[in-house]
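Here's a quick walk through a model you may want open in your viewer. Have a look at it, then read on.

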Amino acid sequence: SIEEMEQRVQTIKNQLGNRLFILGHHYQKDEVYQFADAVGDSLQLAQIASQNREAEFIVFCGVHFMAETADILASPSQTVLLPDMRAGCSMADMANIEQTEQAWQQLTDLFGDTMLPLTYVNSTAAIKSFVGEHGGATVTSSNAASIVKWAFTQKERIVFLPDQHLGRNTAFDLGIPLNTMAVWDPISDELIFDGQLEDVKVILWKGHCSVHENFTVHNIKAIREQTPDMNIIVHPECTREVVALSDYAGSTKYIIETIEQAPAGSKWAIGTEMNLVKRIINQHPDKEIVSLNPFMCPCLTMNRIDLPHLLWALDSIIEGNPINTIDVSPEVSNGALKALNKMLEVK
Ligand code: 13P
Ligand code: SF4
């Protein structure tokens, strides 16, 4: 039963004490999230993973790229486990290292040595490594603006992988005109741009989050019509049009904090993953909160981490044979660490 599983998880946690550290992303189901020793957005989870040197086992309740990041930032003696290896990220899957190398080659033919690559942490370790080896950095939705600003102190242009929306929204907020942003299509190996190549400032990889693309301009218009005093807050993985029509946009941490600080009685429509929206609704009975898309939008891969999988991972540690360990090779890890450390250094 659920109670038995919960009890067993708690018993193992007590038994392992500081040898075990469970990290949980805000999109995790409550049945798992309740057991996390630390929760956060991607940036916080990366920072925590780089600071905890005590735990022998880090069980990462989140998706594969986050567990890889934790493994790269953890010390070699620490073991990172992902309770279900099928917990990927559809956005991270939209860019692989071969496509990245191919794109870089073609873009270098067009733009020479004027570009700095940046990658959203929602990408494979191999892509982070490529970016690190080319002097670039990773970004999260919490620090994208500072990192993009820094990038322009290094080079004339940036190449932003793999989320075109976060890249476009961030650059736009920094005052970079939309008509200087090109899109790289990794399927046709083409640069999509209407204008003079010398005007290109930002090259956006044509990837997106399949969860956040479900929040639409139509959803916003419907809310504005029905409830004009509703505040709309979205994650910057939503399209430019949606972010432009919203009142606020930011990382999961930003969304949580903004609603925490809002006055009782205020009304909110949230454009982000379902588990987080539900949790915020439950935590704020004094506010009127809905999902921006009335059909709640789950991230199916985040949801693969459930109580049975968490227990399975913990049991495997107790049995002395940890399953689903994440082992990024030292070569990839070295390059990726350069990109991650650059991000953690830039304020
Ligand atoms: P945050 O860094 O805002 O938590 O976002 C992670 C993510 O995958 C959003 O889809
Ligand atoms: Fe990836 Fe989107 Fe899920 Fe975040 S919500 S983990 S970007 S698929």
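## Around ligand 2

Start with the shell around ligand 2, keeping in mind that this is a predicted model. What kinds of residue make up that shell? Sorted by type, seven are nonpolar, four are polar and two are charged. So many for the chemistry; as for who's there, ligand 2 has 13 residues around it, and the closest are C89, M91, C209, V211 and C299.

## Three cysteines, one spot

Some of those names come back in the annotation. The unreviewed UniProt entry puts a "binding site" feature at C89, C209 and C299. The three span 211 residues of sequence, but no two of their C-alpha atoms are more than 9.5 Å apart, so they gather at one spot.

## C89 and C209 up close

Where does C89 sit? You'll find C89 in a loop, the one that runs between β4 (79–81) and α5 (97–111). C89 has 23 other C-beta atoms within 10 Å, and because 20 or more is the bar for buried, C89 is buried. Setting aside residues up to four places away in sequence, C89 touches V63, H64, F65, N122 and T301.

C209 is a loop residue too, placed between β10 (202–205) and α9 (217–226). Is C209 buried or exposed? With 25 C-beta neighbours inside 10 Å, C209 counts as buried. Its contacts, again leaving out neighbours within four places in sequence, are M91, D163 and E237.

## Helix α1

Now for the helix at residues 2–16, α1. Does its length work out as short, long or as expected? Take 1.5 Å a residue: the 15 residues of α1 should then span 21 Å, and the end C-alpha atoms are 21 Å apart, which agrees.

How many of the 15 residues of α1 are buried? Just one, so α1 lies largely in the open. After α1 comes G17, which has a positive phi, near 55°.

## L344 and a long-range contact

Finally, jump to helix α14 (residues 330–345), which holds L344. L344 has 17 other C-beta atoms within 10 Å, so it ends up partly exposed. Beyond residues up to four places away in sequence, L344 touches Q47 and S50. How far apart are L344 and S50 in sequence and in space? They're separated by 294 residues along the sequence, while the C-alpha to C-alpha distance is 9.5 Å.

Technical notes
Residues numbered from 1 in each chain as written. Chains lettered and ligands numbered in written order. Predicted model: local features only at pLDDT ≥ 70, side-chain atom pairs only at ≥ 80, totals over all residues. UniProt positions renumbered as here; feature names shortened; annotations may be inferred. Helix = DSSP H or I, 4+ residues; strand = E, 2+ residues; numbered from the N terminus. Buried ≥ 20, exposed ≤ 12 C-beta atoms within 10 Å, placed from the backbone. Contact = placed C-beta atoms within 7 Å. Expected span 1.5 Å × (residues − 1). Near = placed C-beta within 6 Å. Nonpolar A, V, L, I, M, F, W, Y, C, P; charged D, E, K, R; others polar.
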